[in-house]
Amino acid sequence: MQAVSPTPTGVAFLARPGRPAVVARTLAELAGPTQGVVELPVRLMWNAERTFDLGDPDQLLWMYENVLRETTRAEDLRALINGRTLRRVWRLLNLPRGVRQAWESRHRGLRAA
């Protein structure tokens, strides 16, 4: 699997200036955990507090926001994000406009989620 940043028209959405958002090709390939405690690598979260209890809804949202905003690797998405959970919490996530647009452009079902 290869993640994509550009839309089908070739336009890239930015996670931040100069860095395209990374988007999975399919939500089904996102097989991250749905329970337990997850520790993010430093490349995704520079804070000393990088552990998230997925049983706490606020911590789950905070982790997803950080991964979706900061990742430059498709394997981070596959390992840390769960497709069904992402669809469930999509509207609750506080994401940069470019990240939201990139994901909704590729996965039109998220717009209605």
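In the predicted model examined here, helix α1 comprises 14 residues and extends 20 Å from its first C-alpha to its last, which is close to the 20 Å expected at 1.5 Å a residue. This helix is mostly covered, since ten of its 14 residues are buried; the buried positions are L60, L61, M63, Y64, E65, N66, V67, L68, R69 and E70. The protein as a whole contains five helices and four strands, and these elements follow one another along the sequence in the pattern β-β-β-β-α-α-α-α-α.

Several totals describe the protein before individual residues are considered. Of its 113 residues, 49% are buried. The accessible surface amounts to about 6,100 Å², and carbon and sulfur atoms account for 50% of this area. When contacts between residues at least 6 apart in sequence are considered, 53% of them join residues at least 24 apart.

The interior can be described through its nonpolar residues. In soluble globular proteins, nonpolar side chains tend to be buried together. In this model the largest nonpolar core has 32 residues, and those with the most contacts inside it are L40, L68, L77, L86, L93 and W103. Helices α1 (57–70), α2 (74–80), α3 and α4 each supply at least two residues of this core, and α1 gives the most, with six residues. One of the core residues with the most contacts, L68, touches L77, I81, L86, W90, L93, L95, V99 and W103 when residues up to four places away in sequence are not counted.

A second residue of α1 that merits description is Y64, which lies in this helix. Because its relative accessibility is 0%, and residues under 20% are classed as buried, Y64 counts as buried. Leaving aside neighbours within four places in sequence, Y64 is in contact with P33, L80, I81, N82, T85, L86, V89 and L93. For one of these partners, V89, the C-alpha atom is separated from that of Y64 by 9.2 Å, although the two residues are 25 apart along the chain.

Helix α4 (97–106) is likewise mostly covered, with seven of its ten residues buried, namely G98, V99, R100, A102, W103, E104 and S105. These buried residues pack against β1 (14–16), α1, α2, α3 and α5 (109–112). One aromatic pair was counted in the model, and it is formed by W90 and W103, whose rings are tilted at 45 degrees between the planes and lie 6.4 Å apart, centre to centre. The pair links distant parts of the chain, given that W90 is in the loop between α3 (83–89) and α4 whereas W103 is in helix α4, 13 residues apart. Both W90 and W103 are buried. In addition, R100 lies over the face of W90, at 4.8 Å from the ring centre.

Residues in the loops were also examined. T71 is located in the loop between α1 and α2, and with a relative accessible area of 1%, T71 is buried. Beyond its neighbours within four places in sequence, T71 is in contact with V22, L44, N66, D76 and L77. Of these contacts, V22 is 49 residues away along the chain from T71, yet their C-alpha atoms are separated by 6.8 Å.

V22 itself is placed in the loop between β2 (19–20) and β3 (37–39). Because its relative accessibility is 8%, and therefore under the 20% limit for burial, V22 counts as buried. V22 also lies 7.9 Å from A102, C-alpha to C-alpha, although these two residues are 80 apart in sequence; A102, in turn, is one of the buried residues of α4.

The loop between β2 and β3 also holds Q35. With a relative accessible area of 65%, and because values over 50% are classed as exposed, Q35 is exposed, whereas V22 in this loop is buried. The C-alpha atoms of Q35 and D56 are separated by 9.4 Å, the two residues being 21 apart along the chain.

Terms used
Residues are numbered from 1 along each chain as its sequence is written. This is a predicted model: local features need pLDDT of at least 70, side-chain atom pairs count only at pLDDT 80 or more; totals for chains, interfaces and linings use all residues. Side-chain values use heavy atoms; hydrogens and water are left out. Rings of Phe, Tyr and Trp (its six-membered ring) pair if their centres lie within 6.5 Å; planes under 30 degrees apart count as stacked, over 60 as edge-to-face and the rest as tilted. Buried means under 20% relative accessible area, exposed over 50%, partly exposed in between (1.4 Å probe, protein chains only). A charge sits over a ring if NZ of Lys or CZ of Arg is within 6 Å of the ring centre and within 35 degrees of the ring normal. A nonpolar core is a set of buried Ala, Val, Leu, Ile, Met, Phe, Trp, Tyr and Cys residues joined through side-chain atoms within 4.5 Å. Contact means heavy atoms within 4.5 Å. Accessible areas come from the Shrake-Rupley method with a 1.4 Å probe; for residues, only the protein chains shown count as cover. The expected span of a helix is 1.5 Å times one less than its number of residues.
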